[in-house]
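Here are a few short exercises to work through with the structure open beside you. Try each task before you read its solution.

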Amino acid sequence: MYDRDVDVPRLTSGYHLTDADLPPALAEAARRTIEATGAPFNRVGLNFYRDGRDSVAPHNDHLYEIVTGYPIALISLGATRLMTIRSKAKPRRVFDLDLEEGSLLVMSYETQLHYDHGIPKARAALGPRISIALRVRPD
Ligand SMILES: O=C(O)CCC(=O)C(=O)O
């Protein structure tokens, strides 16, 4: 994943926004996010964290899978999870961000160049979380 081996214990799925079987709720989430951001998202990814043991290691998205200049949008549903954002260059800067239910995080394209992001395992018992990840992928 992401050009290197990272630990990805979570369940994933995805759709193209033109897929005939795209669930209406995802179509509506994409429509609203496109309206809010102005980005022409065409893919929706789903990440399911069953509990606090599911996680994704720090990474940046494959740049060849995103059209240059466009952001990535993350909608969070369910349990609040911490996202860590770390600068790749030294001096290392770390941002910890709570991704709360109903929140929308928009990461710029440049963020992928200069920062890694991840969802670490949680020590506390946590309920499930789904993130809806919208991207502009080259066709
Ligand atoms: O679950 C999240 O909010 C992060 C997802 C993520 O990092 C990714 O799909 O690349």
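## Exercise 1: A salt bridge far apart in sequence

In this predicted model, the side chains of R137 and E65 form a salt bridge, with an N to O distance of 3.5 Å. Find where each partner sits in the chain and classify its exposure.

**Solution.** Begin with location: R137 belongs to the segment after β9, while E65 is in the loop between β3 and β4. The two are 72 residues apart, so the pair links distant parts of the chain. Next, take the accessibilities. R137 has 21% relative accessibility and therefore counts as partly exposed. E65, with a relative accessible area of 26%, is partly exposed as well.

## Exercise 2: Buried or partly exposed?

Locate the salt bridge between R135 and D61, and decide whether its residues are buried or exposed.

**Solution.** The side chains meet at 2.4 Å, N to O. R135 lies in strand β9 and D61 in the loop between β3 (56-59) and β4, 74 residues apart. Buried means under 20% relative accessible area. R135 is at 12%, so R135 counts as buried. D61 has 2% and is therefore buried too.

## Exercise 3: A bridge within a helix

Explain why R31 and E28 are about one helical turn apart, and name the network they belong to.

**Solution.** Their side chains meet in a salt bridge at 2.9 Å, N to O. Both residues are in helix α1, and because they are three residues apart there, about one helical turn separates them. Each is partly exposed: R31 has a relative accessible area of 42%, and E28 has 30%. Now widen the view: E28, R31, R32 and E35 are linked in a network of salt bridges. The count for the model comes to eight salt bridges.

## Exercise 4: The largest nonpolar core

Which residues of the largest nonpolar core touch the most other members, and which elements supply at least two residues each?

**Solution.** This core has 14 residues, and Y15, L26, F41, V44, I132 and L134 touch the most other members. At least two residues come from each of α1 (24-37), β2 (43-49), β4 (72-78) and β9. Helix α1 gives the most, with three residues. Follow one member: leaving out residues up to four places away in sequence, L26 touches Y15, V44, L46 and I132. A second, separate core has ten residues, including Y49, V56, L99 and I119.

Note on methods. Residues are numbered from 1 along each chain as its sequence is written. This is a predicted model: local features need pLDDT of at least 70, side-chain atom pairs count only at pLDDT 80 or more; totals for chains, interfaces and linings use all residues. Side-chain values use heavy atoms; hydrogens and water are left out. A nonpolar core is a set of buried Ala, Val, Leu, Ile, Met, Phe, Trp, Tyr and Cys residues joined through side-chain atoms within 4.5 Å. Buried means under 20% relative accessible area, exposed over 50%, partly exposed in between (1.4 Å probe, protein chains only). Helices (H or I, at least four residues) and strands (E, at least two) are DSSP runs, numbered from the N terminus. Contact means heavy atoms within 4.5 Å. A salt bridge is a side-chain nitrogen of Lys or Arg within 4 Å of a carboxyl oxygen of Asp or Glu.
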